[in-house]
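Here are some notes to read alongside the sequence and the model, set out as numbered points. Please keep the structure open and find each residue as it comes up.

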Amino acid sequence: MSEEANPFESLQSQIDDAAAYLDVGDDVIERLKHPERVLETNLTIERDDGTLERFKAFRSQFNGDRGPYKGGIRYHPQVSRDEVKALSGWMTYKTAIVDIPLGGGKGGIVVDPDDYSEAELERLTRSFAKEIRPMIGADRDVPAPDVNTGQREMNWIKDTYETLENTTEPGVITGKALDSGGSEGRVEATGRSTVLAAREAFDYLDKDLQGATVAVQGYGNAGWIAAKLIDEMGATVVAASDSSGGIHNPDGFDPVGAKQHKNETGSVVGYDESEEELTNDEVLTLDVDLLIPAALENAIDEDLAKDVNADVVVEAANGPLTPAADDVLEEKDVFIVPDILANAGGVTVSYFEWVQNRQRFYWSEERVNDELETVIVDAFDALVEAYEENDLENPRTAAYVVAIQRVADAFEEAGSWP
Ligand code: NAD
């Protein structure tokens, strides 16, 4: 990971690439390249020792033409205005490619949560919830977890909102614990959409997933579930990595055992079914049928892309390839299933959570998984149709062609308001 792409510029260049194939005016494209609004705010909370500390925070509402803004809230020292804007744009096109009736948003607080107590994080989260309360709501903007936030923070935000509004409205936020109105199947959803997308890609390319070799970079929620499910589908997971390094066994290993080892020791490294340790870059450049990047943004830059040896890349992570790396893989004829489709299982099951909250009627895990499969298969079919019709080189562009057209249609059908 050397060259750092500005994420907002990456988003805009992806939109430009797709715009060339779209029957949409430049004026509309210009609108679809920028967020509708971005809240930048300063939160001041009391530390446990009685002193005050200020934190910068953002909420970007990128586009609401297809429904309420939807997107997570991230706690990280590197959160920036441009990052939040880009992530909110990707959410817009992610909800559009999977055709769920939501728009795109994203939020974040510039904070390293490891440096704060639980009570301080609760005050910070409630302060942010109070600040964004006028912007959010089940029909307005529905936040969710992202990096370093989870069910705990979502429950605090829901409680703050409901207390201030004097109502019960679980659909104001998704990613909640099951007892607080969460959905079955949410925890596995991102890994599940990743492997469904991989299965569809192999089918489309006439490649056999049975026995196909797989490398997974990043062994957190998205990566390890993808490894477990692709193994259950008959593929062979031969390599995995986390922030401490990678493991490799050309004959494959049990992904569940690797996860247990990580739970016990903090890393996959040292797992007894591994034959050798690899660096992270070696995992990313291994000669495999399928590579699943499931760690952070910009994991593969232009130089590393030259050494990538996989036939298919399915992006569980958001933005794992820099735009230059994307070009290199395109030249090498690597088939890439883009993040906005591959990892859309998370937002799709968030949508199911929101639907269940509105209906106050809850589904079985089987129903959630079946509905998710239909959504991902339909989205992949739409991508392939655009890919073939426009004779495109890169499936990512095809995904944006479909998604941008859907957003533009919703905008144009709505007519204009002064
Ligand atoms: P996570 O924190 O659970 O896991 C991240 C994993 O990446 C960890 O195993 C960590 O050790 C590893 N990692 C960090 N730096 C690494 C490096 N340099 N090399 C190799 N591994 C490294 O996070 P997650 O929820 O699994 O998210 C992973 C990616 O998937 C992110 O890009 C996220 O935005 C995306 N995503 C997740 C969801 C979801 O529902 N969890 C939904 C959509 C997209």
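1. A good place to begin is R133, which, leaving aside residues up to four places away in sequence, touches R140, Y161, L164 and E165. Please keep in mind while looking at these contacts that the model is a predicted one.

2. As to its place in the chain, R133 sits in the loop that runs between α4 and β5. Its relative accessibility is 27%, and R133 therefore counts as partly exposed, since that class lies between the buried limit of under 20% and the exposed limit of over 50%. The C-alpha atoms of R133 and E162 are 9.8 Å from each other, although 29 residues separate the two along the chain.

3. The loop between α4 (118–132) and β5 (141–145) also holds I136. Is I136 buried or exposed? With a relative accessibility of 0%, I136 counts as buried, because buried means under 20%.

4. The contacts of I136, again not counting residues up to four places away in sequence, are with D141, P143, I157, Y161 and V172. Y161 is thus a residue to look for twice, as it is touched by I136 and is also among the contacts of R133. By way of contrast with these contacts, the C-alpha atoms of I136 and P77, which are 59 residues apart along the chain, are separated by 24 Å.

5. Turning to a helix, α6 covers residues 189–204, and its 16 residues reach 22 Å from the first C-alpha to the last, which is close to the 22 Å expected at 1.5 Å a residue. Of those 16 residues, 13 are buried, so α6 is largely enclosed by the rest of the structure. Just after α6 comes D206, which takes a positive phi of about 60°.

6. For the protein as a whole, the secondary structure consists of 15 helices and 12 strands. The radius of gyration is 21 Å, close to the 22 Å that the globule rule gives for 418 residues, so the protein is as compact as a globular protein of that length. Of the 418 residues, 59% count as buried, and among contacts with a separation of 6 or more, 68% are between residues 24 or more positions apart.

7. The last point concerns surface and charge. The accessible surface comes to about 16900 Å², and carbon and sulfur atoms contribute 42% of it. The protein carries 36 positive and 85 negative side chains, with the centres of the two sets lying 10 Å apart.

Notes:
Residues are numbered from 1 along each chain as its sequence is written. This is a predicted model: local features need pLDDT of at least 70, side-chain atom pairs count only at pLDDT 80 or more; totals for chains, interfaces and linings use all residues. Side-chain values use heavy atoms; hydrogens and water are left out. Helices (H or I, at least four residues) and strands (E, at least two) are DSSP runs, numbered from the N terminus. The radius of gyration is taken over C-alpha atoms; the globule rule is 2.2 Å times the number of residues to the power 0.38. Buried means under 20% relative accessible area, exposed over 50%, partly exposed in between (1.4 Å probe, protein chains only). Contact means heavy atoms within 4.5 Å. Accessible areas come from the Shrake-Rupley method with a 1.4 Å probe; for residues, only the protein chains shown count as cover. Lys and Arg count as positive and Asp and Glu as negative; His and the chain ends are not counted. The place of a charge is taken as NZ of Lys, CZ of Arg, CG of Asp or CD of Glu. The expected span of a helix is 1.5 Å times one less than its number of residues.
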